[in-house]
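Student: Could you take me on a close look at one part of this model, the nonpolar core? I'd like to know how it is built and where it sits among the other parts.

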Amino acid sequence: MSGMQAGKFLGRNLESSSKSFLAPVAGAVAVTVVGALLDWRLGLVFAVWLAAWGLNILLTETGGAAKRFVVPAIFGITLLVLWQMAVRLFDISQVILPAPTDIWGAITTSVPVLWADFVQTVVKGALSGYIMGAVLAIGTAIAVDRSRFLQRGLLPVGNFIAALPIVGTAPILVMWFGFGWQSKAAVVVVMVFFPILVNTVAGLKETDAMQRDLMRTYAAGYWQSFTKLRLPAALPFIFNGLKVSTTLALIGAIVAEFFGSPIVGMGFRIKTSFGTLELAMVWAEIAVAAVAGSGFYGLVTLAEKRLTFWHPSQRTER
Amino acid sequence: MRNLLPILTVVAVILGLWYLAVGPMNFRLALDAATRGGADVTPATPDEQGQTGLIRLMLDNPDVMPAAYAFERPRLPQPQDVVSEIYENTIGLARRCEWQGFGAERDNWSPLSDGCLRVIENRRSLIFHAWQTLAPTLLGFAIGTGLGILLAVGIVYNRTMDLSVMPWAIASQTIPILAIAPMVIVVLNAVGIQGLLPKSLISSYLSFFPVVVGMVKGLRSPGAMDLDLLRTYSASGAQEFWKLRLPSSLPYLFASLKIGIAAALVGTIVAELPTGARFGLGSRLLTGSYYGQTVQIWAALIMAAVCAALLVWVIGVVEKRTLTRLGLVR
């Protein structure tokens, strides 16, 4: 009985897996053949794609715990390889799309320039603006915390402003604060302020009556229950706003440089390299921005893990 | 409606702060003009004025203050100037327009007069520029949303796709891709793709990932109980998708759509910025910044805000209608 069940179970499992396996593979093989008939280079690109995808399917079906990292890594590397192949095989001009190796070459040969741009845009512009904006937003949220009236007004208005194209204020702020990093920091402050404010105000509402009553039975004052109960309870929300804002900060700092900057900075370099058609350099800056963006996000996530370890979303699933 | 009074209060405070800031922001410009105009100001020379603090200057020369508020080409315009600029370039232009009805004598299908069409296509018309921005936004949003939903279905039903694509979809959110939007436009133009499509590609890219992430979450939201119930009905895979997974994903989809459309609009505007686009709200921002026309910048900004609010509102209405009919909101 149990053996039969197991067999049936196994059979069904096998059947479903081979089904999900075969249809896309057959389709992909057909596409590859058609591609090869049209143009051998197209066929080659499709064949590499097919091989990598097949490997991924195999790994997904059979791989162990490591597949969580291996499968996406193979996918990413495949994309890079296909990019390289497409550029080389089809002789795509440098002016339109440089190959990954060209971009890597640009990165390795101009490390000092990239570093100076990174410091100017990310550290001076984005990071300082981000910190000022976050402090200002959390401070404002705490300041209006006692007034239900202001909160009811601030939440919808803040939500509305957070959805606006605030990056458009960049030309105005560059006009006010000059071409230096200060104007970039100002753009970043305006951009990150409202998402963090809205999330903090929402987070400070998060405690329920039971918890607040408990604090009252301990004879806790406003500030005691604020620091011991309500602020920790708001942290997941605050971090939500902080995480959303990391990307916004970088976007604000780079876009603001399009409107005027000293002769250093990622936005400046993107704009001028583009003007002289050094696309590899543009892509090198984009790569730096991508790494900086992910790193920035990762740092905030790490801080979140440390500070909100008690929250259900942070507990590891077993 | 309960929140109306608080909201109005906050808006009034913001407008009040804006109005209060106009004088100090423009004071130095106005003082400079007054000095050159031979007015009696303390300290008398521009050099000394440059070394004096702003508050000191304002206290010493109270009679320059009205000039600071009425300053032409100000650093910070007054709210009503911006409003009148917007009115001038939208309704003001439209009022000069006449309706001539569908006449058989005209081969032009449009019910508007030729003069009127010229007004609408007027370079100053904010409606014209807003439409130049909205059209690619909407097209890109439609493309991005469609592809995003398809990819999400693929991710939910195919384990390999889930493992391969999902980490990258999430990681790509942290990359400030918007910053290179203008370059993408130029490259696409060089390849020969012109018109609506280049700008649409940016906005579709930006609306794509929120939709993927939200939709994957939504399609996976039915619990084991619901799925088991469908299995007891011996529902097919397609039935499970259409009758359970898709409806229960809609709240997530709409939340993502609101983020996506706002991102799409920002994408189009930024895409218009440094490429020297001739039309669109982004180009208005750029020309305004080149020629120091602050009122024009503010007008374009507020027009962009109105567009964003309108788009989010439309999605909100559709959301409410849909979810009410599905019985997901009471």
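Tutor: Happily! In this predicted model, the largest nonpolar core holds 131 residues, and the members that touch the most others in it are Val188(A) and Val192(A). Helix H8 of chain A, residues 181-204, is the top contributor to this core, giving 16 residues. Now zoom in on Val192(A). Leaving aside residues up to four places away in sequence, Val192(A) touches Tyr130(A), Gly133(A) and Ala134(A), and also Ser245(A), Leu248(A) and Ala249(A). Apart from the largest core lies another one, of seven residues, including Phe27(B), Leu57(B), Ala68(B) and Phe71(B).

It helps to set this against the domains. Chain A is assigned a domain 1 (2-92) and a domain 2 (107-314), and their C-alpha centres are 39 Å apart. For chain B the assignment gives domain 1 (4-76) and domain 2 (123-325), with 42 Å between the C-alpha centres.

Finally, look at where the two chains meet. Chain A puts 49 residues into the contact and chain B puts in 45. On the chain A side, the elements that give two or more residues include helix H2 (40-62), helix H3 (67-89) and helix H10 (222-257). The largest share on that side, eight residues, belongs to H6(A), the helix that spans 148-162. By type, the chain A residues that touch chain B are 33 nonpolar, 12 polar and four charged.

Technical notes: Residues numbered from 1 in each chain as written. Chains lettered and ligands numbered in written order. Predicted model: local features only at pLDDT ≥ 70, side-chain atom pairs only at ≥ 80, totals over all residues. Contact = placed C-beta atoms within 7 Å. Helix = DSSP H or I, 4+ residues; strand = E, 2+ residues; numbered from the N terminus. Nonpolar A, V, L, I, M, F, W, Y, C, P; charged D, E, K, R; others polar. Domains from an automatic or database assignment. Core = buried A, V, L, I, M, F, W, Y, C linked by C-beta atoms within 7 Å. Buried ≥ 20, exposed ≤ 12 C-beta atoms within 10 Å, placed from the backbone.
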